[in-house]
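Thanks for making time this morning. I would like to walk you through one structure, starting with a strand and its neighbours and then stepping back to a whole chain.

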Amino acid sequence: MNEDKTKQKKVRFKSLVIEGTKYRTYFTRKFENRKPRIPENPQYILSFIPGLILKVFVSNGQKVKEGQDLLVLEAMKMKNRIKSPLTGTVKAVHVKEGVKVPKGLLLIELEKE
Amino acid sequence: MPLKRKIKELQKRRQEVLLGGGEKAIEKQIAMGKLTARERIRKILDDDSFHEYDLFVEHEARDFNMDKKILHGDGVIIGTGTIYGEPVCIFAQDFTVAGGSLGMMHARKITKIMDHALKMRMPLIGINDSGGARIQEGVNSLAGYGEIFFRNTLSSGVIPQISVILGPCAGGAVYSPALTDFVFVVDKISKMFITGPEVIKTVLGEEISMEDLGGAHVHSEISGNAHFYAESEEECFEQIKKLITFIPRNNTHKPRTFETREPKNEFQIEKIVPGDPTQPYDVRDVVRAIVDDSDFFEIQEKWARNLVIGFGRMGGRTVGFVCNQPLVLAGVLDVDSSDKAARFIRYCDAFNIPIVTLVDLPGYLPGADQEHAGVIRHGAKVLYAYSEATVPKMTVILRKAYGGGYIAMSSRHLRADFVFAWPTAEIAVMGPEGAANIIFRKEISEAKDPEKMRKQKVREYKEKFANPYVAAAKGYIDSVIEPEETRKLLLHAIEVSASKAISGPKKKHGVPPF
C-alpha cells in the first residue's frame, strides 16, 4: 500500500520556457487543462451563449446575404436572432429546432462567396 | 412557589427549542455525515464559553400555512463565546429547522450578531448550512440577504470575518462568505454555487454533480473561493482556532504575541535553494527555516500554487508571507496568483500584520489565455496592494527577480521598508537568455557560429548583470546578505519597524483594479 502512495505522489518535473530560459518545475492541473486559442472564423457560426435552438431559417446549400437571419437561439428568456456575417452559401447546418446547445458549439458553417 | 414554577417553565421552553428541528431531523443531519449546529459551536468555542441570544425568536410568516408551523429559533443559532480566551461572535445555521432556510427573523438574528461584532470590535464566525432563501417569505428573505451583505461590507477591514461552509450554501447566499476574509470548506460536506446542477441541466442539458460543480475540492483548488480545506469538520475547527491565534481582534489591535521559538534544525536554509535559477525547490521550506518553531500556516494551499501565502511568527509576532513558488510553474505571476497575493496583502495591511515577501520569479506567465483573461488588470492588483500597504514590508530576493515581476514583488520602488538580497539574487530587466538575444542580436546573427556567440553573450550578460550588486550600487536593495542571516535580519527589521507611521494623501478610497 505504501508503494502505491509513493507512486501516486511521483509527479514529474516539466519544462516551462520563459524568455528563452527553460525552467524545471511542476505544472498545475489548471495550467495543463488550459484551452488553446481558436482563431475566430466568420464562416463558423458558434453559439455565443448556452440555450435552445428555437428556429432555423436556412438549410444546406442555400444562398444567404449578409445580415440575413440564420436562426433563433433562446437563452435566459431572450430570443436572439443570429444573423449571417457574410454573403455566401450555407455549407452545413449542425442543429435542429428544439435542441439545447452549450456555449461555443458549431451551429452553422457558411462559405464565403 | 410561583418563582420555582416560572423557572421550570423557562427550562421546559429551553429544552424544546434546544432540540432544533427535532430528533428525526437531527438523525437525518447525522446520517448526512454532518454535526448539528449546536455541536459545531460547542466544538469551535472554548468549553462552556457560549452564550446564546434570541433563543425564543419566532418567525412571522403568515402565507402558505406558515402560521401553523413552529420553527425553533427560526433555523439559526447566534451568540458570543471565546476561542483560546479571545472573544468572538458566532452564528450557525441549523439545517434541522426548515433546512436552515433564511426567512426574515432568521436574517434578523444574523444581522443582530453581526451588529454586535462590529460594535464590540470582535471577530465574527458564520457557519453556513442552509437550503437558501425561505421561498414562503418571498421578498422578505431577499431583504434579509441584502442586510447581511451590507454588514459584511461595512465590517470588512474592521473586524476579522470568517465563513465556514458546512452544508449547502447556494444562490445569493454564497455572497456573504465571498465578502468575508476567510472561507473554510470540508470535503464532501461543503457545497457552494450560484446556479445548481438542476438549473444547469435545464438550460444546458449538461449533467454535473453538486460535488463537481461546487464541492470543497472545486473551491479550494479551481475557483479559489475557499481559503482552507479540511477532510473533516473536526480538522476544520482546529484550523479556525489556529487562525484566530494569528489575527488581531480588530483593525486597531495587533495580533497576540507568543514566546519566541527557534526554527527546527531540519530546515537548513543554505541547503534548500539551488544556485542555478532554473532549478526548482519548495519555497515553503525557506519559510519554515526562518519562522518560529518552523510553523507555517499556509492559506489557499491548493489554489494558484505558483505563489504561496500564509502566516508564521517571528520573535513571537504574526507575520504574513507572500512568496513565489519555483516548484510550480517556475513561480510566475499569473491571473490567479496575482489575485491571491493582492487580497492577502490587503488583509495583512488592514489588520496590522507585517508582510515578508520572498522573491524568486522569472516574470509573468506568457500565453494568449492569460492575456485574454486580463493578466494586466489582475497583475495590477499586486502593484496596487503593495503600494497601498502601510504595514512594515520586508523583501528578501532569493534568486531571480526579472522585469515587471521584480517591481511587483514588494520592491523598493513600491516602498518596501527593507530589501535584502541573497548573493544568488539576479536583479535584471529580464533573464540572461532573453536579454542577450535582444542586445546582441546583430553580433549573434552575423557571427560565424551564431550558437557559440549566443552562448558567449549570455555568459557575458550573466556575469555583468545576473547578480544583486548592480541594484545594490543604486541603493535599490539595502543589503546583500548570507542566507543564514535572513532570520536575524528579518527579526531586526520587524523590531525596528514596530512604530512605523506613514500616511498617504487624503482620499475617500482608491479605485483598485478589482
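**A hairpin in chain B, and the outline of chain A**

Let me begin at a turn: B:Met314 has B:Arg317 in E12(B) as its bridge partner. Please keep in mind throughout that this is a predicted model.

B:Met314 and B:Arg317 belong to a hairpin that E11(B) and E12(B) form with two residues between them, and in that turn B:Gly315 has a positive phi of about 60°. The two strands, with E12 covering residues 317-324 of chain B, run antiparallel and are joined by eight bridges.

Strand E11(B) also pairs with E10, residues 297-299 of chain B, again in an antiparallel arrangement, this time through three bridges; there, B:Ile299 stands opposite B:Ile309 of E11(B).

Are the residues of E11(B) buried or exposed? Eight of the eight residues in this strand, 307-314, are buried, and the covering applies to both faces, with B:Leu307, B:Ile309, B:Phe311 and B:Arg313 on one side and B:Val308, B:Gly310, B:Gly312 and B:Met314 on the other.

Turning now to chain A, we find two helices and ten strands, which follow one another along the sequence as α-β-β-α-β-β-β-β-β-β-β-β. Chain A is more spread out than a compact globule, because its radius of gyration is 22 Å, well over the 13 Å that the globule rule gives for 113 residues. Along the principal axes, the C-alpha atoms of chain A fill a box of roughly 60 × 40 × 25 Å, and 19% of the 113 residues count as buried.

Conventions
Residues are numbered from 1 along each chain as its sequence is written. Chains are lettered from A and ligands numbered from 1 in the order in which they are written. This is a predicted model: local features need pLDDT of at least 70, side-chain atom pairs count only at pLDDT 80 or more; totals for chains, interfaces and linings use all residues. A residue is buried if 20 or more other C-beta atoms lie within 10 Å of its own, exposed if 12 or fewer, and partly exposed in between; C-beta atoms are placed from the backbone. Helices (H or I, at least four residues) and strands (E, at least two) are DSSP runs, numbered from the N terminus. Two strands pair if DSSP finds at least two bridges between them. The radius of gyration is taken over C-alpha atoms; the globule rule is 2.2 Å times the number of residues to the power 0.38.
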